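User: Please take me closely through one helix of this structure and what its inward side meets, and then show me how that part sits among the other features. I am new to this structure, so please explain the terms as you go.

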Amino acid sequence: MKISQATLSAIIVLGSPIVVASANLRASEPAPSIEEGRNLQNNCGGDTPPAAAWHPTYSAGWTNGHCRLTVDCNSPAYSTELECCKGAYGGQMSGECLKRLPNPPTTSPTSTGGLDVYYPDYGMTWSEGKCVNTRPLPSGRPTYDSMLACCKGAYGGQMSGACLEQLPSPPTTSPTEVGGVGLWYPDYETSWADAACLNTWPAPFNTGDRPVYDDQLACCKAAYGGQTSGACIASLPSPPTTSPTAVGGLDFWYPDYDTSWADASCKNERPLPFNVGDRPTYDTLLACCKGAYGGQISGACLAALPSPPTTSPTMAGGLDVWYPDYESSWAVAGCKNERPLPSGRPTYDTLLACCKGAYGGQTSGACIAALPSPPTTSPTTGGDLNVYYKHPDQDSNWAGGKCTNDRPVAQWRQTYGTKAECCSGQFGGQTSHACMCWADPCYSCKCTGAGSHKDTGNTCNLTCD
């Protein structure tokens, strides 16, 4: 009887570790020898026939998979059956591959604890869960080098302490003399006003769910800063007094948000009325007044300084910076250096810089006129400015527009060093050449007027009709 013509990848001969590869093998034909089986697979690649080795049996599926000694070019080869089981069927729950070994291992852990790693037992509820090292290792399970590491990583915050109880020397549930677990955390189970920091074990939270601190004081400062009751600080072995010291309390200053802004100043009183990070802090009272109450008309914060400045400007003009006067209309406004500096106002080193930056293009010239030596409002014969720009009135006259150097430069206008640069930048492509002819009368035949090719005695080297 002839086997089907369908191509067969391998036929396992019972009782012999040989795979016979053939497409037209008759059942009555004798099975080939090992050498013949090798020769049948010479076309696997290479000049040397493959040797018999241990290969996984993929056709048996994962659960029933096992290894066999055979000649096969379509699966990884292992030198021993044990290596094959470990490499191809590691984590196999059924243990089918290991069971076929001449001396299969027992399914129970050895006297040293089974596996040399521990993993969480997901077959139990989390509250009663623990870590084990029994074989086989379930697929996809996280592993840890020790039972303690596993309990911390997989069951951190477990209230029952079931995992830690499995340790050879489990910790007590009460804090030890050195402080329990060695880390401190805020007690969120108690109201904030009365709470303190704890280091009792087991912790009532999962790893990462609460901040932890190296010592109790650090925890109190970060988690209960500003606690008016002082409950956390009071729980320290040597708590500080609740009253400020003779040097003025804290070594930093903070704004008093409990008082209206117009009347408020800065404080360094204990305890902090806020959590650390909830308000800005400053190294000095002056820095706090400048940062938090700059522009305060009443001067209440500055008045609290040991040597407060006068509320009137000094002979030098008040502040050493200038700022725009937003209280006046832009057309008639100028720059000031009066105290106090309004909050959020831009500042400039000089009055001229302020006028240029805040009132550039002001047609009234009100700001410039306030300078000790203001420029004239009319352009000089030399063109006034030494830069050129496109005036806003030329925006609607692009076809015949030109650049200018009249004072003052209109706000937000780009300036150029020469007439030609301005014309090229602002009127490039202008078919009338009006701007370029203004810059150079000999620019083209379209130019007219003095100095152009139509002017008697011109020096233009142009050929025009």
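Analyst: The buried residues of helix α2 pack against two strands, β3 (53-56) and β4 (67-70), and against one helix, α3 (96-99), where contact means heavy atoms within 4.5 Å. Helices (H or I, at least four residues) and strands (E, at least two) are DSSP runs, numbered from the N terminus. This is a predicted model, in which local features need pLDDT of at least 70 and side-chain atom pairs count only at pLDDT 80 or more, while totals for chains, interfaces and linings use all residues. Residues are numbered from 1 along each chain as its sequence is written, and side-chain values use heavy atoms, with hydrogens and water left out.

Helix α2 covers residues 81-89, and its buried residues are E81, C84, C85, A88 and Y89. Seen down the axis of α2, these residues fall within an arc of 100°, so they line one face of the helix; the arc is that of the directions from the helix axis to the C-beta atoms. An α-helix has 3.6 residues a turn, so residues three or four places apart point the same way. The face of α2 turned away from this buried side carries K86 and G87, which are exposed. Here buried means under 20% relative accessible area, exposed means over 50%, and partly exposed lies in between (1.4 Å probe, protein chains only). After the helix comes G91, whose phi is positive, near 85°.

Helix α12 (residues 419-427) offers a second case to set beside this one, with C422, C423 and F427 as its buried residues. Viewed down the axis of α12, they too fall within an arc of 100°, so they line one face of that helix. The partner of these buried residues is α13 (434-439). Just after α12, G429 takes a positive phi of about 90°. In the loop between α12 and α13 lies H433, a residue other than glycine whose phi is nevertheless positive, near 60°. Most residues other than glycine have a negative phi, and most peptide bonds are trans. H433 is partly exposed, with a relative accessible area of 22%.

The loops hold further features. A cis peptide bond joins R135 and P136, with omega about -5°, and P136 lies in the loop between β6 (131-132) and α4. Another cis bond, with omega about -10°, joins R270 and P271; the place of P271 is the loop between β10 (266-267) and α8 (285-293).

Two other loop residues can be set against each other by their exposure. In the loop between α3, one of the partners of α2, and β5 (119-120) is D116, which counts as exposed at 68% relative accessibility. D116 and D145 are 29 residues apart in sequence, and their C-alpha atoms are 7.3 Å apart in space. L305, by contrast, is buried, with a relative accessible area of 13%, and is found in the loop between α9 (300-303) and β11 (323-324). Leaving aside neighbours within four places in sequence, L305 is in contact with L285 and L286. From C-alpha to C-alpha, L305 and C266 are 9.7 Å apart, although 39 residues separate them in sequence.

For the wider setting, the protein comes to 13 helices and twelve strands, and buried residues make up 32% of its 465 residues. Among contacts between residues at least 6 apart in sequence, 45% join residues at least 24 apart. The protein exposes about 27,800 Å², of which carbon and sulfur atoms supply 54%, with areas taken from the Shrake-Rupley method and a 1.4 Å probe.
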